[in-house]
Amino acid sequence: MERLTGLLRLPDDIISQILQYSPSYSTLLSTLLTTKSFYRVFQAHPNSILHAINFREIGPSYPLSLRRLRYMAPVLDCEDADRLLAQAVSTDVICDFPITREERKEMKEMEDKVTQLEDLFSFRYLDRTSVSSQLTPEESWRFRRALHHLTLYTCEFPTSRYPYIEENDRFTETEIQVQVRQENRRRIMFLSDFSAEELLEISAVLFFLEELGVYVFSRTGLDGIRAIAIPAGPEILLACHYCISDHPIRKHVKDIEKIVAYHPFLESYIWTPLLEVLKQREFREETESDYFPWNFISNRIHQSDTQCHQCKDELGFDVWTRKTWTPLATRYRQSINLPHRAYTITSVCLSMKDRLMLNGLESEYLRTAIGDFESDDYLTRILGDIYDYGLKLDAFADWDKDDLLCEDCFERFLTEHLHLWIRYNRSLEGDIAKDCPYGYRCKLQGRYDPKAGKASIRGFLKEHQESFNHLCAPIAQDTQDVALLIHEYSVANQVVIDLSSV
């Protein structure tokens, strides 16, 4: 009781500090319900206490995140729109306004996307073996600050500001150049508010996003759209990367096909004004051979591990190695264009060799085996067994689990060995049926129906899949005559099967 009395007698500023160090909103609420004196202090200083909690919850970039969020908030039909917008873009003023529950939710979602981009940046340039950011706190702050500043720029100069102009309505080339110069002056004024250090950080993030855009849109056959990627915003580019599609940017930018063909205001969207401001600051670009633009974020970045260890192709943003097998597979479970890349319990069967992916019996066995694992780390389990238990084919003798592989090489390795892993596990459970002469190329691998009757195609396929092992290489030299096999099955079982359904 004495301790409680002493706590009640603390000065208000001490109580305010205690409340500011609440680890969460729920803890703050519990504390406020303890005594009236705590609640009284909170009522006197609610903004500073809530902002302090949000700062610890979201991180050092919280003020920038809130600034960006309120900058993006629409201000419509308001006489004081200019004044409110000026307040919104001021970091000094922004914390004077209380944060709403909706803003807190939106900021968390926003910071999640920033974290994902930071993870990609670190994975691409710093550590190829970790899909989580390995940037130091200071490097992370530089990256996040630059990304928020860049997003503020895209909010001030959005693609909607530059709608497509029909050919008949266009100005002359000279008039367009004048308008572009005027727009660039506005952009220069905006960027002039940032320090030289902040501008260089923005340039580093720009190089990163441009490379990501090249990687994403060159793979989807939409290379021309990447010119619109930066103006569309970093989060739109991230969405395109994860779904391996241009759908997010098409949804965001109106008349994108026309704008790609004609976009005078987007050609020099940020690099021209950015370089002009740096020129005014008398910045000189580094000329050392080991200098990279990303060094403005981290001086630990060096151009190493840029090629696949097997095919020597240039590695992009997906590098498959022992520590990334499962994280990368998890990342692409939402892929809409290339479902086989998801490597879910269901779709991993599509990676089986040749016609094995159609084998209902083996597909069901694989799904069951994976489902019995204690965690979702099944790719690491499968590939670890292949490497550790000598299941590798001779053609892959020099492959190592720590090799950095491109997606094509990884898929090839998994396809060539997945059936061997299934066979290995089946052998541990008991005897395996005799090998089918046609192996994994057998044409009689289809839907497996355990309840199918003999007088049906499904019954025929069921008996064949149960009687023969297809987890092997073919040895038969002749062409498989399915009609003859069905006829022999019909005679042996004294049934009639409709060949028109084959």
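The legends below describe an overview and several close-up views of a predicted model.

**Figure 1. Overview of the predicted chain, with 24 helices and zero strands.**
The chain has 502 residues, and 47% of them count as buried. It exposes about 26,500 Å², of which carbon and sulfur atoms supply 51%. Among contacts between residues at least 6 apart in sequence, 73% join residues at least 24 apart.

**Figure 2. Close-up of the largest nonpolar core, a set of 60 residues.**
The members that touch the most other members are Phe 121, Phe 143, Phe 208, Leu 209, Ile 249 and Ile 270. Helix 12 (residues 196-219) gives the largest share of this core, with twelve residues. Around Phe 121, leaving aside neighbours within four places in sequence, the contacts are Leu 126, Leu 135, Phe 143, Phe 208, Trp 294, Ile 297 and Ile 301. Another core, of 39 residues, lies apart from this one. Among the residues of that other core are Trp 325, Val 348, Leu 356 and Leu 404. In soluble globular proteins, nonpolar side chains tend to be buried together.

**Figure 3. Close-up of the crossing of helix 3 and helix 4.**
Helix 3 covers residues 25-32 and helix 4 covers residues 36-44. Their axes come within 8 Å and cross at roughly 125 degrees, and helix 3 is therefore oblique to helix 4. Helix 3 brings Leu 28, Thr 31 and Leu 32 to the contact, and helix 4 brings Phe 38, Tyr 39 and Phe 42. By class, five residues of this contact are nonpolar, one is polar and none is charged.

**Figure 4. Close-up of the packing of helix 23 against helix 24.**
Helix 23 (residues 457-467) and helix 24 (residues 482-493) pack with their axes 11 Å apart. The angle between them is about 95 degrees, so helix 23 is roughly perpendicular to helix 24. On the helix 23 side, the contact is made by Ile 457, Gly 459, Phe 460 and Glu 463. These meet Leu 485, Ile 486, Tyr 489 and Asn 493 in helix 24. The residues of the contact divide into five nonpolar, two polar and one charged.

**Figure 5. Close-up of His 417 and Thr 415 in helix 22.**
Helix 22 covers residues 407-429. His 417 has 0% relative accessibility and therefore counts as buried. Leaving aside neighbours within four places in sequence, His 417 is in contact with Ile 386, Leu 391, Lys 392, Leu 393 and Phe 396. Thr 415 also counts as buried, because its relative accessibility is 17% and the cut-off for buried is under 20%. Not counting residues up to four places away in sequence, Thr 415 touches Ser 351, Met 352 and Lys 353.

**Figure 6. Close-up of Phe 157 in the loop between helix 10 and helix 11.**
The loop that holds Phe 157 follows helix 10 (137-156) and leads to helix 11 (173-191). Phe 157 counts as buried because its relative accessibility is 1%. Not counting residues up to four places away in sequence, Phe 157 touches Tyr 162, Glu 183, Arg 186, Arg 187, Phe 190 and Tyr 269. Phe 157 and Leu 266 are 109 residues apart along the chain, and their C-alpha atoms are separated by 9.8 Å.

**Figure 7. Close-up of Lys 108 in helix 9.**
Helix 9 covers residues 101-125. Lys 108 counts as partly exposed, at 34% relative accessibility. The C-alpha atoms of Lys 108 and Ser 65 are separated by 9.2 Å, and the two residues are 43 apart along the chain.

**Figure 8. Close-up of two loop residues, Lys 312 and Asp 354.**
Lys 312 lies in the loop between helix 18 (271-280) and helix 19 (325-331). Although Lys 312 is not a glycine, it has a positive phi of about 70 degrees. Lys 312 counts as partly exposed, with 49% relative accessibility. Asp 354 is placed in the loop between helix 19 and helix 20 (360-371). Asp 354 is not a glycine either, and its phi is positive at about 50 degrees. With a relative accessible area of 37%, Asp 354 is partly exposed.

Note on methods:
Residues are numbered from 1 along each chain as its sequence is written. This is a predicted model: local features need pLDDT of at least 70, side-chain atom pairs count only at pLDDT 80 or more; totals for chains, interfaces and linings use all residues. Side-chain values use heavy atoms; hydrogens and water are left out. Axes are lines fitted to C-alpha atoms, for helices over the stretch in contact, and angles run from 0 to 180 degrees between N-to-C directions. Helices (H or I, at least four residues) and strands (E, at least two) are DSSP runs, numbered from the N terminus. Angles under 35 degrees count as roughly parallel, over 145 as roughly antiparallel, 65 to 115 as roughly perpendicular and the rest as oblique. Contact means heavy atoms within 4.5 Å. Ala, Val, Leu, Ile, Met, Phe, Trp, Tyr, Cys and Pro count as nonpolar, Asp, Glu, Lys and Arg as charged, and the others, Gly among them, as polar. A nonpolar core is a set of buried Ala, Val, Leu, Ile, Met, Phe, Trp, Tyr and Cys residues joined through side-chain atoms within 4.5 Å. Buried means under 20% relative accessible area, exposed over 50%, partly exposed in between (1.4 Å probe, protein chains only). Accessible areas come from the Shrake-Rupley method with a 1.4 Å probe; for residues, only the protein chains shown count as cover.
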